[in-house]
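User: Hi! I would like a close look at one part of this protein, the first helix and its surroundings. Could you walk me through it?

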Amino acid sequence: MTNKEKATKLLIAGHFGAGKTTFVKTASQIKTVETERRTTLEEEKSKKQSTTVAMDYGEYQTEDGRKVNIFGVPGQKRFSFMWSILAKNTETVILLLDSTDISRWYETFEQINVFRKEIPNARFVFVANKRDLPNALSMEEIKKKLKLPAHMKLLECVATDKDSVISVIKEALDETNCKSANQMAVANI
Ligand SMILES: Nc1nc2c(ncn2[C@@H]2O[C@H](COP(=O)(O)OP(=O)(O)O)[C@@H](O)[C@H]2O)c(=O)[nH]1
Ligand SMILES: [Mg+2]
């Protein structure tokens, strides 16, 4: 099988409200599969009306013919049974963070702990999303909060913008940019 025929599995992970479903939808060249249900918890209702309960799925083909199957995870721990299922055979993980709100970043770290066991050799890249919003933390502040080691890149993104999302995917798929979970020593927020 040539490289062109073999699809790459890209996982979009991160906390509730980080922008995962939006990211998959913006990137996908096919109609995405969504599993949105109405939010039920008061705290979540105040942020948005629906939440992903199982997964998002979309597909993207790079200009050089590489097919990328994109899976999005549900953010909250109560759906964590899906984290390990969706992680299987993943080559690259994008860890999305809402740049305007750190209150649920801890969920991203709960996911990382699962991924460390399930896919220790996958590549990981942190992506600060919602860079279009005026109250976004600066990239330096985010790096500091993550205690991101110098060798780990932090990319920026606006998940509603196609060019931004595609450029993040290209960078994330570039092996030189990302490190495996075992090489990641990050803050446990
Ligand atoms: N301004 C702005 N809003 C965004 C961006 N990405 C996502 N959103 C909004 O943030 C909310 C949560 O996004 P969603 O994709 O449901 O997050 P998920 O829980 O990670 O799947 C939605 O209202 C989106 O429209 C972004 O880059 N900029
Ligand atoms: Mg979602």
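To set the scene, how many helices and strands does the protein have? And what does helix H1 pack against, and which residues meet there?

Analyst: Happy to help! Please keep in mind that this is a predicted model. The protein has 6 helices and 9 strands. Of its 189 residues, 35% count as buried. Among contacts with a separation of 6 or more, 75% are between residues 24 or more positions apart.

Now to the part you asked about. Helix H1 covers residues 20-27, and it packs with helix H6, residues 162-173. Their axes lie 9 Å apart, at an angle of about 95°. Angles of 65 to 115 degrees count as roughly perpendicular, so that is how H1 and H6 are arranged with respect to each other. On the H1 side, the residues taking part are Phe23, Thr26 and Ala27, and they meet Lys162, Val165, Ile166 and Ile169 of H6. Sorted by class, this contact has 5 nonpolar residues, 1 polar and 1 charged.

H1 also takes part in the surroundings of ligand 1: with 3 residues, H1 provides the largest share of the shell. There are 18 residues around ligand 1, and those that come nearest are Gly19, Lys20, Thr21, Thr22 and Ala159. By class, the ligand shell has 9 polar, 5 nonpolar and 4 charged residues. To put the two settings side by side, the contact of H1 with H6 has 5 nonpolar residues among its members, while the shell around ligand 1 has 9 polar ones.

Methods. Residues are numbered from 1 along each chain as its sequence is written. Chains are lettered from A and ligands numbered from 1 in the order in which they are written. This is a predicted model: local features need pLDDT of at least 70, side-chain atom pairs count only at pLDDT 80 or more; totals for chains, interfaces and linings use all residues. Axes are lines fitted to C-alpha atoms, for helices over the stretch in contact, and angles run from 0 to 180 degrees between N-to-C directions. Helices (H or I, at least four residues) and strands (E, at least two) are DSSP runs, numbered from the N terminus. Angles under 35 degrees count as roughly parallel, over 145 as roughly antiparallel, 65 to 115 as roughly perpendicular and the rest as oblique. Two residues are in contact if their C-beta atoms, placed from the backbone, lie within 7 Å. Ala, Val, Leu, Ile, Met, Phe, Trp, Tyr, Cys and Pro count as nonpolar, Asp, Glu, Lys and Arg as charged, and the others, Gly among them, as polar. A residue is near a molecule or strand if its C-beta atom, placed from the backbone, lies within 6 Å of it. A residue is buried if 20 or more other C-beta atoms lie within 10 Å of its own, exposed if 12 or fewer, and partly exposed in between; C-beta atoms are placed from the backbone.
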